[in-house]
Amino acid sequence: MNIDAIFNGIVIDHITAGRGMRLYDLLGLDKLDCSVAIIKNVVSSKMGRKDIIKIDADIPINFDAIGYVDPDATINIIRNGVLVEKKTVGLPETLTNVIYCKNPRCITSVEQELDHVFKLTDRKNKIYRCIYCETKATA
């Protein structure tokens, strides 16, 4: 398989195999008007298998969403065909409008303009809780 290099854009690398599509959905990449490549189950000497997402545009990216789905992923910023920045994200302390509270009695289901904010309460088990009603969400 041959996937072309990108000239200006973003490469999300070292995504745990099978999590690429979830990240694609959370980042809303289907709404972009540019080329996006999702490469699944790539052989990796470091990870065994991994997913990669290539975005052929320099767009703002929600790093919290990436950290929520896969805190070990790396983000490579490409400009003029050259890697200019490499970032790691880690597990974010708070998530705002990345995931949504499923509790029908939560204030966020009544107040539509209210942000959905989750706080990391258990780093080891990757458990987040809604700051309004304490409903649990796991990564």
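Trainee: Where does Lys-126 lie in this chain, and what is the sign of its phi?

Mentor: In this predicted model, Lys-126 sits in the loop that connects β7 and β8. Most residues other than glycine have a negative phi, so a positive value deserves a second look. Lys-126 is such a case, with a phi near 55°.

Trainee: Is Lys-126 buried, partly exposed or exposed?

Mentor: Buried means under 20% relative accessible area and exposed means over 50%. Because the relative accessibility of Lys-126 is 26%, this residue counts as partly exposed.

Trainee: Which element holds Asn-41, and what is its phi?

Mentor: Asn-41 belongs to strand β2, which covers residues 36-44, and its phi is positive, about 55°, although Asn-41 is not a glycine. With a relative accessible area of 42%, Asn-41 is partly exposed.

Trainee: How should I read the nonpolar interior, and which residues have the most contacts inside the largest core?

Mentor: A nonpolar core is a set of buried nonpolar residues joined through side-chain atoms within 4.5 Å. The largest one here has 28 residues, and those with the most contacts inside it are Ile-12, Leu-23, Ile-66 and Phe-118. Among the elements that give two or more residues to this core are β1 (9-16), α1 (20-26), β3 (48-55) and β7 (117-122), while the largest share, four residues, comes from α2. There is also a second, separate core of five residues, which includes Ile-6, Val-11, Ile-39 and Ile-78.

Trainee: Which residues does Phe-118 touch, leaving aside those up to four places away in sequence?

Mentor: Its partners include Leu-95, Ile-99, Tyr-100, Tyr-128, Cys-130, Ile-131 and Ala-137.

Trainee: Where is Ile-131, and which nonpolar surface patch does it help to make?

Mentor: Ile-131 lies in the loop between β8 (127-130) and β9 (136-138). Together with Ile-107 and Tyr-132, Ile-131 makes a nonpolar surface patch of about 250 Å². Patches are made of residues with over 30% relative accessible area, and Ile-131, which is partly exposed, has a value of 42%.

Trainee: How many helices and strands does the chain have, and what share of its residues is buried?

Mentor: The chain has three helices and nine strands, which run from the N terminus in the order β-α-β-β-α-β-β-β-α-β-β-β. Buried residues account for 40% of the 139 residues. To see how far apart in sequence contacting residues lie, take the contacts between residues at least 6 apart: 55% of these join residues at least 24 apart. As for the surface, the chain exposes about 8200 Å², of which carbon and sulfur atoms supply 48%.

Methods
Residues are numbered from 1 along each chain as its sequence is written. This is a predicted model: local features need pLDDT of at least 70, side-chain atom pairs count only at pLDDT 80 or more; totals for chains, interfaces and linings use all residues. Side-chain values use heavy atoms; hydrogens and water are left out. Patches are made of residues with over 30% relative accessible area and no salt bridge: like charges are joined within 9 Å, nonpolar side chains (Val, Leu, Ile, Met, Phe, Trp, Tyr) within 5 Å. Accessible areas come from the Shrake-Rupley method with a 1.4 Å probe; for residues, only the protein chains shown count as cover. A salt bridge is a side-chain nitrogen of Lys or Arg within 4 Å of a carboxyl oxygen of Asp or Glu. Buried means under 20% relative accessible area, exposed over 50%, partly exposed in between (1.4 Å probe, protein chains only). Contact means heavy atoms within 4.5 Å.
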